[in-house]
Amino acid sequence: MRQFYSHLIEIESVTLELDQLELSEEERLHLANLLDSSLHHTVLDAILSELSEDDKKIFLRYVHEDNHEKIWQFLTEKADNIEDKIKKAADNLKNELHKDLKEAK
């Protein structure tokens, strides 16, 4: 599923590294799903930490509706430099994942 932040984040480097591990197709799929889930939670956490309680509810409603246009309009009004904060949170996660994958080799 395409997420509202997909245009900001590149995870191909992590998936390529996953492909280099000797894993079954089932294990690879499971790890890819974990990667997507971790990324999604990391991005949501970065965003929610920037919003008031009332704004969090509105934002989550837009996410549930999967309305990308409303999400971005709302975020740009409510949170300064939100795209940069999303990218930074995702990059931090990717760095941790690369480190973990190197250790797993």
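**Figure 1. The accessible surface of the whole protein.** In this predicted model, the accessible surface of the protein amounts to about 7,100 Å². Carbon and sulfur atoms account for 47% of that area. If you like to set up a box around your molecule, the C-alpha trace spans about 45 × 25 × 20 Å along its principal axes. The protein has 105 residues, and 33% of them count as buried.

**Figure 2. The helices and how the chain comes back to itself.** Follow the sequence from start to end and you will read the pattern α-α-α-α-α. That makes five helices, with zero strands beside them. How many of the contacts between residues at least 6 apart in sequence join residues at least 24 apart? The share is 69%.

**Figure 3. The charges of the protein.** Here we turn to the charged side chains, with 14 positive and 25 negative charges in the protein. The mean position of the positive charges and that of the negative charges lie 4 Å apart.

**Figure 4. A close-up of the second largest pocket.** For anyone curious about volumes, this pocket holds about 150 Å³ of space. Its lining is made up of Val14, Leu18, Leu31, Leu34, Leu35, Ser38, Leu97, Asp100 and Leu101. Which helices each supply at least two residues of that lining? They are α1 (12–19), α2 (25–48) and α5 (82–104). Helix α2 gives the most, with four residues.

**Figure 5. His40 and its contacts.** We stay with helix α2, where His40 is found. Is His40 buried or exposed? His40 counts as buried because its relative accessible area is 19%, and the cut-off for buried is under 20%. Once neighbours within four places in sequence are set aside, His40 is in contact with Gln3 and Tyr5. Both of these contact partners, Gln3 and Tyr5, are worth displaying together with His40 in this view.

**Figure 6. Asp19 in helix α1, with Ala32 for reference.** The last view moves to helix α1, which contains Asp19. With a relative accessible area of 45%, Asp19 is partly exposed, because that class takes in values between 20% and 50%. How far apart in space are Asp19 and Ala32, C-alpha to C-alpha? The distance is 9.9 Å, for two residues that are 13 apart in sequence.

Note on methods. Residues numbered from 1 in each chain as written. Predicted model: local features only at pLDDT ≥ 70, side-chain atom pairs only at ≥ 80, totals over all residues. Heavy atoms only, no water. Buried < 20%, exposed > 50% of the residue type's maximum accessible area, 1.4 Å probe, protein only. Contact = heavy atoms within 4.5 Å. Areas by Shrake-Rupley, 256 points an atom, 1.4 Å probe, with all protein chains shown as cover. Lys, Arg positive; Asp, Glu negative; His and termini not counted. Charge placed at Lys NZ, Arg CZ, Asp CG, Glu CD. 1 Å grid on protein atoms, 1.4 Å probe; cavity = no way out; pocket = protein on both sides within 12 Å on 5 of 7 lines; lining within 4 Å. Points joined across faces, edges and corners; volume = space filled by probe spheres on them.
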